[in-house]
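Me: Please examine closely one part of the structure shown below, namely the packing of helices against one another. A connected account, with the surroundings included where they help, would be welcome.

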Amino acid sequence: MKENFVRRAGRPRPVAVTPRPAPPEPGALAAKVRTMAPSMTRSMQRVAETVAGDPAGCAALTVTGLAERTGTSEATVVRTARLLGYPGYRDLRLALAGLAAQQASGAAPAVTADISVDDPLSEVVAKLTQDERQTLSDTAGALDLGQLEATVAALATARRIDVYGIGASSLVAQDLAQKLLRIGLIAHAHSDPHLAVTNAVQLRAGDVAVAITHSGRTVDVIEPLQAAFDHGATTVAITGRPDGEVTHYADHVLTTSTARESELRPAAMSSRTSQLLVVDCLFIGVAQRTYESAAPALHASYEALAHRHSPRER
């Protein structure tokens, strides 16, 4: 495979040149808008939110018509289409027509309303269930399988694995580390930023560091990942912002989706579902690759826990 070289933080790293990814499927358009909107200019946000909110109406508009509807320019419309993953506006219109058809048939549900403080619990359950289902579907649809495979391969052969996460992401980091430990890998989760950096500078080639941050700009996660990167470890970012600073120090990026934020449901809560899906995919992938050693280790952990929780003999 042809390779070129990029330099990040003063360190050259071979990066495979891969073909341009295919445009997002129509059903993934709303998720793409949610993921990319925070990094867009205000005028591009208007375009993105308009097409996601009214795919049928926008599919009938020319580039000039959409520019007029959103109070922007034709150039802004085209740039927005490209940022969302479409080669041009024509491709975006086709995706909008497809999304409108899916929504009309019920194959792609409309966006769920925000949870209100006055909603009965039955309504809360229904809205959360729909949001969780959509978040998982969006994450699966947008997940780069090439990046996932590369991450699995690195984890399966790693001498040591460090996982960094703060706040809600620290729970996901612990879940990944514990899963890997149960199949015999040396993995540790770090939520203390000082301890994370102290451990990161001990990593070398053959080790793996994983940073989990929905925003992509959590300093306490970025710093240890950068340290691991600079010391030669393979680095991975699990993030909802593929353009976030954390990706500057990541060899592999796994993008997650998130449900819409609301006053009662912040991003930290809604992002956890998609992060856990990625963690489970990584765990299963590694367990498959290392099955001969993973299966006995997993069985041993089951046995140890079962024995610990059984009534003690007197």
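Reply: The account below begins with the chain as a whole, then takes the helix contacts in turn, and ends with individual residues.

The model is predicted, so local features need pLDDT of at least 70 and side-chain atom pairs count only at pLDDT 80 or more, whereas totals for chains, interfaces and linings use all residues. Residues are numbered from 1 along each chain as its sequence is written, and side-chain values use heavy atoms, with hydrogens and water left out.

The chain has 13 helices and seven strands, taken as DSSP runs (H or I of at least four residues for helices, E of at least two for strands) and numbered from the N terminus. Of its 314 residues, 43% count as buried; here buried is under 20% relative accessible area, exposed is over 50%, and partly exposed is in between, with a 1.4 Å probe and protein chains only. Contact is taken as heavy atoms within 4.5 Å. Among contacts between residues at least 6 apart in sequence, 68% join residues at least 24 apart.

Helix H5, residues 74-83, is a suitable place to begin. Helix H2, residues 42-53, packs with H5 at an angle of about 70°, and their axes are 9 Å apart. Such axes are lines fitted to C-alpha atoms, for helices over the stretch in contact, and the angles run from 0 to 180 degrees between N-to-C directions. H2 and H5 are therefore roughly perpendicular, the terms being roughly parallel for angles under 35 degrees, roughly antiparallel over 145, roughly perpendicular from 65 to 115, and oblique for the rest. The crossing of H2 with H5 is right-handed, that is, the near helix is turned clockwise from the far one by less than a right angle, while anticlockwise would be left-handed. On the H2 side the contact involves Ser-43, Met-44, Val-47 and Ala-48, which meet Thr-76, Val-77, Arg-79, Thr-80 and Leu-83 of H5. By class, the contact of H2 with H5 has five nonpolar, three polar and one charged residues, where Ala, Val, Leu, Ile, Met, Phe, Trp, Tyr, Cys and Pro are nonpolar, Asp, Glu, Lys and Arg are charged, and the others, Gly among them, are polar.

H5 also packs with H4, at an angle of about 100° and with the axes 8 Å apart. This angle makes H4 roughly perpendicular to H5. Val-63, Thr-64, Leu-66 and Ala-67 of H4 meet Glu-74, Val-77 and Val-78 of H5. That contact has five nonpolar, one polar and one charged residues. Val-77 thus appears in the contact of H5 with H2 and in that with H4.

The loop between helix H3 (55-59) and helix H4 (63-70) holds Ala-60. Ala-60 is exposed, at 60% relative accessible area. From Ala-60 to Leu-96 the distance is 9.1 Å, C-alpha to C-alpha, with their positions 36 residues apart in sequence. Cys-58, by comparison, is buried, at 0%, and Cys-281 is partly exposed, at 27% relative accessibility. The count of disulfides, taken as pairs of cysteine sulfur atoms within 2.5 Å, comes to zero.

A further pair of helices is H10 (residues 193-200) and H11 (residues 219-230), which pack at an angle of about 10° with their axes 8 Å apart. H10 and H11 are therefore roughly parallel to each other. Pro-193, Ala-196, Val-197 and Ala-200 of H10 make the contact with Asp-220, Glu-223, Pro-224, Ala-227 and Ala-228 of H11. By class, this contact of H10 with H11 has seven nonpolar, no polar and two charged residues. His-194 is placed in H10 and counts as exposed, at 66% relative accessibility. His-194 and Glu-223 are 29 residues apart in sequence, and their C-alpha atoms are 9.6 Å apart.

Two residues of helix H7 complete the account. Glu-132 is in H7, which spans residues 121-142, and is partly exposed, with a relative accessible area of 24%. Glu-132 and Thr-273 are 141 residues apart in sequence but 6.9 Å apart in space, C-alpha to C-alpha. Val-124 also lies in H7 and counts as buried, at 17% relative accessibility. Apart from neighbours within four places in sequence, Val-124 is in contact with Ile-115 and Asp-119.
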